[in-house]
Amino acid sequence: MEEALNFIEGAFCGPITVQDIADHLCLNRSYLHRQFKAAMGVSVQDYLLDRRIRQACILLKSTDLPIQVAARSVSYQAALYFSKIFHQKKEVTPSQCRMRHQRRSQTP
């Protein structure tokens, strides 16, 4: 699992898939899924999605990048789809996430 995590960490900003990870590890996709879920408690797909959303949060909070650019930076070409996924995971929109952080950093 360490090698899978290292691969994800090095490539999550690109358009990698679970199959790409399995191929890199020379494993069957289903086998990788079972082993990863047993070790990490989440599927490879969910882990990859969560990692991308975590990075997007960092970008939204620490930069003034437009949301479309932040989305592309974590491998989402469609800003609307990114916003939908972001909202499902974080229960706020990317804009709301940025605004909340800005308000917190301005409060003494």
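## Reading cysteines, backbone angles and cores

Modeller: Welcome! Let's begin with one residue: Cys97 counts as buried, at 8% relative accessibility. Please keep in mind that this is a predicted model.

Biologist: Thanks! I always look for disulfides early on. How many disulfides does a search of the whole structure find?

Modeller: The general idea is that a disulfide is a covalent bond between the sulfur atoms of two cysteines. Here, a search of the whole structure finds zero disulfides.

Biologist: Which cysteine sulfur is closest to that of Cys97, and why is there no bond?

Modeller: For Cys97, the closest cysteine sulfur belongs to Cys57, and at 4.3 Å it is too far for a bond. The cut-off for a disulfide is within 2.5 Å. Seen from the other side, Cys57 has its closest cysteine sulfur in Cys97, again 4.3 Å away.

Biologist: And Cys57, is it buried or exposed?

Modeller: Cys57 counts as buried because its relative accessibility is 9%, and buried means under 20%.

Biologist: Now the backbone. How should I read a phi value?

Modeller: As a general guide, most residues other than glycine have a negative phi. In this structure, Cys26 has a positive phi, near 60°. Glu91 has a positive value too, with phi near 65°.

Biologist: Where do Cys26 and Glu91 lie?

Modeller: Look in the loops. Cys26 is in the loop between α2 (18–25) and α3 (29–40), while Glu91 is in the loop between α6 (79–90) and α7 (94–106).

Biologist: Are they buried or exposed: Cys26 and Glu91?

Modeller: Cys26 counts as exposed, with 69% relative accessibility. Glu91 is exposed as well, with a relative accessible area of 67%.

Biologist: Let's go inside. How many residues does the largest nonpolar core have, and which have the most contacts inside it?

Modeller: The way to read a nonpolar core is as a set of buried residues joined through their side chains. The largest one here has 16 residues, and Ile53, Val74, Tyr76, Phe82 and Phe86 have the most contacts inside it. Two or more residues come from each of α4 (44–62), α5 (67–73) and α6. The largest share, six residues, is given by α4.

Biologist: What is Ile53 in contact with, leaving aside its neighbours within four places in sequence?

Modeller: With those neighbours left aside, Ile53 is in contact with Phe82, Ile85, Phe86, Lys89 and Lys90. Apart from this core lies another, of 15 residues, including Ala4, Ile21, Ala22 and Val44.

Notes
Residues numbered from 1 in each chain as written. Predicted model: local features only at pLDDT ≥ 70, side-chain atom pairs only at ≥ 80, totals over all residues. Heavy atoms only, no water. Buried < 20%, exposed > 50% of the residue type's maximum accessible area, 1.4 Å probe, protein only. Helix = DSSP H or I, 4+ residues; strand = E, 2+ residues; numbered from the N terminus. Core = buried A, V, L, I, M, F, W, Y, C linked by side-chain atoms within 4.5 Å. Contact = heavy atoms within 4.5 Å.
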